[in-house]
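Work through the following exercises with the sequence and the coordinates side by side. Each task sentence is followed by a solution that goes step by step.

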Amino acid sequence: ERPLSVTARTRLRQYYANAAAVVLPSPRLQSDLERQLAMALPHTTAIVTPTPLLADPAPAFPFHSELRIAHVARLDAAQKGQDVLLGALARVSWRSQPWRLDLYGSGPDDSYLRELALLYGIGDHVHFEGHSTDIGKVWKDHQVLVMPSRLEARGIAITEAMACARPTVGTAVGGIPDSVIDGETGILAAATTIDAWTDALERLWLNREHLARWGKQARTLIESMFVDDPVETFIELIDGIARAHPNRIEQRPTTSVRP
């Protein structure tokens, strides 16, 4: 994470200072944002991004002879850190054991990451599955999500995996630690570095027998985060702002449409 430039910080501080409310998808992000801006944000509230997958029972945990790992994200290494993930997988002590990494997504670094997997000698284990519109189907066949992000607000893919009772190995950045509780709902890597991720993946292998239990605990945790209807909560927030600050609501001119 790079510090903001003076120009960007000055502009953003003005925006946030004039805001009636700041809505974030994770409580943890408030402290990160306040650090980046060097200003307090007292009018901040967290509304967790919902997922329709919670409306259905979680798919049965798949017990395979190989460890099946999924990564669901845009193929953009600068943000999502897939380059570090591949570098760490090339160094783990269990690289010759049966395992498979399926990457679901598309993006500017598709070719780069394919070449990197071949360079590291793990091309036979790494599969590029493209964009998927059926996330529930992905989790019927995979045991754990990996999210080696350098930057992340909360991670919708993490919420979806938790709703499907699958644990996550993720980096301790942004809002990820709100969902990934080390040793309970997954494993946290200290940073998006090859050393930190090699350590996290070694712990993943050693704890393979706990993945189903961690997944159930992940489902329970994400269910507890949606006690209230997040859409209704957001609507109530906007209504409250409109009543408290009627002069701050932008009045848009009415445009007549001629037949």
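Helices (H or I, at least four residues) and strands (E, at least two) are taken here as DSSP runs, numbered from the N terminus. The model is predicted.

**Exercise 1. Place Asp-182 in the fold and decide whether Asp-182 is buried or exposed, or in between.**

Step 1. Asp-182 belongs to the loop that runs between helix H8 (176-179) and E8.

Step 2. Its relative accessible area is 38%; because buried means under 20% and exposed over 50%, Asp-182 is classed as partly exposed.

Step 3. Leaving out residues up to four places away in sequence, Asp-182 touches Ile-187, Leu-188 and Arg-203.

Step 4. For a distance along this part of the chain, take the C-alpha atoms of Asp-182 and Leu-206, which are 24 residues apart in sequence and separated by 14 Å.

**Exercise 2. Check whether the span of helix H9 agrees or disagrees with its number of residues, and describe what its buried residues pack against.**

Step 1. Helix H9 covers residues 194-206, and at 1.5 Å a residue its 13 residues should span 18 Å.

Step 2. The end C-alpha atoms of H9 are 18 Å apart, which agrees with that expectation.

Step 3. The buried residues of H9 are Ala-196, Trp-197, Thr-198, Ala-200, Leu-201, Leu-204 and Trp-205. An α-helix has 3.6 residues a turn, so residues three or four places apart point the same way.

Step 4. These buried residues pack against several elements, among them strand E3 (67-72), helix H4 (82-89) and helix H10 (211-224); strands E6 (144-147), E7 (168-171) and E8 (186-189) are also packing partners.

**Exercise 3. Identify the residues with the most contacts inside the largest nonpolar core, and follow Trp-197 outwards from there.**

Step 1. The largest nonpolar core has 33 residues, and those with the most contacts inside it are Leu-67, Trp-94, Leu-101, Val-126, Trp-197, Leu-201 and Leu-204.

Step 2. Once neighbours within four places in sequence are set aside, the contacts of Trp-197 include Val-84, Leu-85 and Ala-88, as well as Val-146, Met-147, Val-169 and Ala-189.

Step 3. A second, separate core of 22 residues includes Val-48, Ile-135, Ile-158 and Cys-164.

Step 4. In soluble globular proteins, nonpolar side chains tend to be buried together. In this protein, buried residues make up 44% of the 259 residues.

**Exercise 4. Compare the settings of Ala-38 and Ala-165, each of which has a positive phi.**

Step 1. Most residues other than glycine have a negative phi. Ala-38 has a phi of about 55°, and Ala-165 has a phi of about 60°, although neither is a glycine.

Step 2. Ala-38 is found in the loop between helix H2 (28-37) and strand E2 (44-46), whereas Ala-165 lies in the loop between H7 and E7.

Step 3. At 54% relative accessibility Ala-38 counts as exposed, while Ala-165, with a relative accessible area of 10%, is buried.

**Exercise 5. Determine where Thr-159 lies and which residues Thr-159 touches.**

Step 1. Thr-159 is part of helix H7 (residues 156-163).

Step 2. Its relative accessibility is 4%, so Thr-159 counts as buried.

Step 3. Not counting residues up to four places away in sequence, Thr-159 touches Thr-49, Thr-51, Arg-154, Ile-222 and Phe-226.

How values were computed. Residues are numbered from 1 along each chain as its sequence is written. This is a predicted model: local features need pLDDT of at least 70, side-chain atom pairs count only at pLDDT 80 or more; totals for chains, interfaces and linings use all residues. Side-chain values use heavy atoms; hydrogens and water are left out. Buried means under 20% relative accessible area, exposed over 50%, partly exposed in between (1.4 Å probe, protein chains only). The expected span of a helix is 1.5 Å times one less than its number of residues. Contact means heavy atoms within 4.5 Å. A nonpolar core is a set of buried Ala, Val, Leu, Ile, Met, Phe, Trp, Tyr and Cys residues joined through side-chain atoms within 4.5 Å.
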